[in-house]
Structure formats: structure tokens, C-alpha cells
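Okay, thanks everyone, I'll keep this short. I'd like to talk about the enclosed spaces inside this one.

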Amino acid sequence: MAVDSVTSSPLGPSATEKDAKALQFIEETTKNTDAVQERVLSEILRQNAEAEYLKRFGMNGATDRETFKSQIPVVTYEDLQHEIQRIANGDRSPILSSRPISEFLTSSGTSAGERKLMPTIHEELDRRTLLYSLLQPVMNLYVPDLDKGKGLYFLFIKSETKTPGGLVARPVLTSYYKSEHFKTRPHDPYNVYTSPNEAILCFDSFQSMYSQMLCGLIMRKEVLRVGAVFASGLLRAIRFLQLNWQQLAHDIETGTLNPKITDASIREKMVEILKPDAELAEFIRKECEGENLEGIIPRIWPNTKYLDVIVTGAMAQYIPTLDYYSNSLPKACTMYASSECYFGLNLKPMCDPSEVSYTIMPMMGYFEFIPHDPSAPPLSKKSPPRLLDLADLEVGKDYELVISTYAGLCRYRVGDILRVTGFYNAAPQFRFIRRKNVLLSIDADKTDEAELQKGIDNAAELLREFNTSVVEYTSYADTKTFPGHYVIYWELMVKDPSISAPSHEVLDRCCLVMEESLNSVYRQYRVSDKTIGPLEIRVVKSGTFEELMDYAISRGASINQYKAPRCVNFSPIMELLDSRVESVHFSPALPHWTPERRH
């Protein structure tokens with residue numbers, strides 16, 4: 001029942017008094033966006049006044065915007081790499097932050113093939129927890145009675161390492177799930193998970209997934225929402241069910257746990273949850289034994305109201321598959337965040353994925369924006385960018401996000417391109433357009449043109465003894481199968497017909513060499529998480545890329561400015577390429593990957 005309308009928010013009548021306070025906080029924060037931003041910047045600069053970085057650029061304790069903007073440069077990760085490496089190596093002096101660096105958060109973005117290390121401080125957990133606390137009150141406005149059941153969320157921790165100086169380096173969600181903020185979170189009837197903490201916090205991905213799926217099946221009639229962080233994660237769970245339903249049904253029928261689950265804490269917890277249920281086991285066999293998985297989510301979890309997954313950006317490619325498995329259940333995208341900073345939330349979480357806009361919450365960090373114009377010359381130290389504040393943005397314009405955080409990042413270019421779609425009160429709302437420079441992505445991997453080119457160059461070395469070269473190439477991320485995989489189209493030129501052409505085995509090896517050349521995030525998802533399949537090379541007939549150019553020119557492209565696209569997703573172009581394929585090759589083995597960094 002909604003609380004008294006006096007405490008209700010303009011967003012709508014809240015479900016509880018606690019929700020009303022959260023919605024009121026959103027209201028007040030977004031009405032005073034510029035004042036909140038001014039306060040946040042002042043707090044960041046005051047807190048880090050003794051940091052070497054701010055002193056280096058002559059801040060001298062100043063906390064005002066004007067001095068900050070005139071003294072502090074706009075930077076990329078590479079600009080900060082020396083400072084970050086010093087911290088990683090054990091330098092505990094106040095380099096970027098006056099507060100002690102508590103750990104590094106590893107980004108899915110990479111630098112020199114390795115995950116970026118984002119320094120953070122302990123208090124940032126409080127800020128992230130604050131944003132999480134706003135999600136459910138907003139969702140309760142749109143979906144009633146979520147306190148009458150549970151959420152089946154597939155949540156996982158990833159491998160972590162230690163830097164030479166002893167600091168932990170791990171993904172931001174692993175940091176959050178292993179924190180006391182998550183493990184000892186207060187009971188909230190609107191946010192109860194089917195997965196016990198013991199299952200979520202198990203490092204072994206098979207044991208974690210198995211026990212989470214088992215709990216979800218046992219509590220299937222209580223499940224009101226099904227989710228994962230990314231769409232790809234939910235599809236991985238459905239694939240897991242498809243491969244393991246027989247053993248899961250056996251466990252449910254007998255009330256005994258699969259002996260492959262060796263984690264003691266999980267086994268102890270499952271004693272409370274797993275009881276013999278022959279009727280449920282038979283139901284699972286009946287639903288899963290055939291090849292038809294259409295609507296499998298509502299078939300097994302019939303009370304599901306929506307899917308809670310991110311389907312914006314690169315994840316949009318998975319929407320058709322999710323629709324197939326869920327009978328087109330609504331897909332809620334609730335928040336916008338990265339390893340560097342949590343940014344904002346979707347105030348209309350049940351909207352169509354194509355209409356998702358995130359409202360920046362101005363208390364999370366200090367945000368600036370570079371107007372994004374693809375036709376403009378690249379920015380440089382001699383022509384620094386013109387940065388705008390949250391209050392200065394225009395609807396319909398695209399911007400690159402620049403952040404300053406309490407942990408000490410100052411005027412840092414995240415690389416996200418955002419489009420302003422409107423305002424909620426005085427806070428801009430953004431649609432995520434893309435990650436700058438990213439060509440290919442299947443999961444949380446991000447491969448840019450430079451990495452792809454390096455892979456092509458390294459693989460082409462294998463062709464030299466056959467006097468053969470790669471004259472042109474393009475690529476796409478194939479997500480029609482699971483797991484998805486990278487597809488590379490090659491047009492080859494044999495310079496000396498008297499020498500035998502590269503064999504099928506050599507071209508297979510080219511696939512593996514390309515994979516070895518890609519960044520550590522790609523290789524982790526390929527080797528450890530198994531959410532990316534073997535890379536594929538499709539060799540096309542000579543002259544195919546000439547035809548591609550002819551097609552582009554027929555559609556209005558300038559012959560003088562035409563460049564072969566390095567990534568394609570337009571159906572007619574892909575059909576043209578596929579119709580010219582002469583041979584198909586897959587990586588014959590897994591690329592090398594370990595959790596340890598190369599440096």
C-alpha cells in the first residue's frame with residue numbers, strides 16, 4: 001500500500017516510508033544539480049588537497065571550479081599510468097588521493113593489453129551502496145508487490161590478484177559482493193535473492209552457477225524477476241540449464257547435492273534448502289528435455305514479471321535471444337556504472353530498451369563533458385578540449401564523459417559517448433551511445449581497431465612463408481550462437497602462384513595467433529569464463545572488398561573518402577561477404593591466460 005501522499009514523490013506514490021525517503025532524495029538532488037556538483041568538487045579538492053597530483057598542477061589548496069578548470073589537465077589512463085604503477089608497487093604516499101588507496105578495481109577496458117587498474121578508497125563503497133539503495137524504490141513505482149517473492153539473480157565473483165605492493169586488484173562487482181556492505185546487508189522484503197551468499201561468493205564458476213540455478217529451480221514459484229548484470233550473463237545461465245538439467249533434476253528428486261559441488265559452505269547451506277521433490281524434478285525434465293527453449297524462462301519461472309539485465313550498448317545485440325527465451329518479457333535496465341565511478345539510474349526502468357535513458361546523480365562524482373563531433377580533428381595537448389558542466393548540456397547533443405572522483409581521478413576521460421535525451425528536474429538524462437573506439441564486444445570484452453590490427457599483423461606473419469598477405473579485412477561479433485564469437489573476414493593475395501597456398505591448418509593457427517594478440521579481458525572470457533567462443537576467420541574470394549566498395553558508392557559514399565569498414569553489422573554487407581566465402585577456419589585451442597598481470 002502506498003504511503004501518505006504528503007511523503008510521496010513527483011515520481012509517483014512510494015510503496016513504503018523508506019522508499020518515500022529515497023525518492024525524496026532523488027528529487028532534491030536532481031533539482032539542485034549544479035549546487036550539488038559545486039559542493040562535490042569542493043569536497044573532492046579539499047579532501048585531496050595534500051595529494052601530490054593536485055599540488056603538481058598548482059592547486060595550492062583551492063577548491064573552486066575556476067581554479068580547477070584552469071589548472072588541471074584532461075587526462076587518459078595512459079597519462080596516469082606512472083602514478084598508478086607507483087601505487088601498485090607499494091608507494092603509500094598521497095599520490096592521487098590523500099586517503100589511503102584500499103584496493104584497485106580492474107576495468108573491462110584495457111591498456112597495453114592488460115586490464116586498467118582504477119585506484120579506489122574505502123568510502124567509495126558507501127557511495128556505491130547509496131546508489132544501489134535508490135534502485136528498488138524506483139522499481140517499486142512500476143512493478144507492485146515485489147515484496148511477495150524473490151529475485152533469481154545470477155551473480156558471480158571473479159578472480160583477483162595482488163599488485164607487487166600488496167593491494168588487491170579485482171573487478172568492481174567482486175569488490176562489492178565481498179564487502180560487508182553486501183554480505184551483511186539488512187533484510188529488505190523487496191530485495192530478497194534466491195541465491196545464498198555462499199553460492200555468489202564461490203570462486204569456482206561451475207559450483208557457483210550450479211548452486212544458484214538449483215536454488216532458483218527449487219524456489220521457482222517464488223521468483224518474481226530473473227536477472228544478471230549483463231544480458232550475456234543471463235544467456236550463459238540459460239545455456240548452463242540446457243547442459244545440466246539432468247543432474248539438477250536428479251539432485252531435486254533425491255534431495256542430494258551433486259558431488260562436483262565440493263565447496264563446504266555451499267554444501268552446508270544447501271542442506272537447509274534442498275529436499276527431495278519428485279514432482280518438481282519431473283517438471284524440470286519435461287520442460288528441458290526437448291530442443292525447444294522458446295519461452296523457457298516463464299515456463300520454469302511462471303511468475304516472472306521482468307528481466308533485470310543491462311541491454312544497452314554492446315548488450316543490445318542479445319535482445320532478440322532474450323525475447324525468444326522469455327516470450328518478450330520486459331527488460332529493466334536500472335543503472336549506469338563503471339569501475340571508475342557509479343553514475344546514475346534509469347527513472348523509467350520498464351521502458352523499451354531502445355528508449356533507456358540514465359539520469360546522472362550529481363552526488364556520485366564531479367562530471368564534465370566534451371562535445372563529441374566525429375568530424376572534428378582529434379584533440380591534443382596543443383588544442384585541449386572545451387569542457388561543459390552538467391548544467392550546460394543540450395538535448396540531442398552527444399558528449400564524451402569526463403569524471404573527477406573522491407578517490408583521486410581528476411578530469412579523467414572514461415571513453416563513453418552519451419546523448420542527452422532530456423532532463424529530470426535539472427539533471428540531464430543520457431542514452432549510452434557507445435564506448436569510444438570499441439569495434440568488437442561479446443561480453444564485457446572491448447576490442448578496438450588498434451588491437452584488431454595488431455592481431456591481423458601477428459597472424460599474417462604465418463602467411464609470409466607462403467608468399468601470401470592479407471590485403472583487406474573486416475569483422476563482426478557473432479552472437480547468434482552461444483557463446484558468441486569474433487568473426488574476421490580476410491581477403492588474401494598469393495603473390496607467387498608457384499608456391500603452395502597456406503593450408504587449412506595454417507589458417508586455423510592464424511585464428512589462435514589473433515586470439516593470443518587480443519587483450520587479457522578477451523582471453524579471460526574465452527579461457528576462464530567460457531563466454532566467448534573460438535575466433536573464426538572466413539577467407540573471401542579475391543575482389544570481394546572491391547565489390548564492397550562498389551556497394552557503398554552505390555549508396556552514396558564518396559569514392560575519394562571510402563575506407564573499408566573494420567567492423568560490419570549491416571545485413572546486406574554481411575550477406576555479400578558471406579556469399580563470397582571460400583573457406584572457414586576456427587581457433588584450434590585456447591589462448592594463454594592467467595589471472596596474473598604481465599607486468
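I'll go through the cavities one by one, starting with the count.

Bear in mind that this is a predicted model. Counting cavities of 30 Å³ or more, we get 2.

Let's take the largest cavity, which holds about 60 Å³ of space. So who lines the largest cavity? Going along the chain, you meet Leu-105, then Met-118, Pro-119 and Thr-120, then Glu-124 and Arg-128. Further on come Ser-339, Glu-340 and Cys-341, and finally Thr-405, Ala-407 and Leu-409. Two elements each put at least two residues into that lining: strand β2, which runs 114-120, and helix α6, at 124-142. Which of the elements gives the largest share? That's β2, with 3 residues. As for chemistry, the lining splits into 6 nonpolar, 3 polar and 3 charged residues.

Now the second largest cavity, at about 40 Å³. Its lining includes Glu-124, Arg-127 and Arg-128, plus Val-172. Then there's a run from Ser-338 through Ser-339, Glu-340 and Cys-341 to Tyr-342, and Met-364 finishes the list. Here α6 is the top contributor, giving 3 residues. By class you've got 4 nonpolar, 2 polar and 4 charged.

If you put the two lists side by side, some names come up twice. Glu-124, Arg-128, Ser-339, Glu-340 and Cys-341 line the largest cavity, and they also line the second largest one. So if you're clicking through the model, try those residues and look at both cavities from there.

That's what I have, thanks.

Key. Residues numbered from 1 in each chain as written. Predicted model: local features only at pLDDT ≥ 70, side-chain atom pairs only at ≥ 80, totals over all residues. Heavy atoms only, no water. 1 Å grid on protein atoms, 1.4 Å probe; cavity = no way out; pocket = protein on both sides within 12 Å on 5 of 7 lines; lining within 4 Å. Points joined across faces, edges and corners; volume = space filled by probe spheres on them. Helix = DSSP H or I, 4+ residues; strand = E, 2+ residues; numbered from the N terminus. Nonpolar A, V, L, I, M, F, W, Y, C, P; charged D, E, K, R; others polar.
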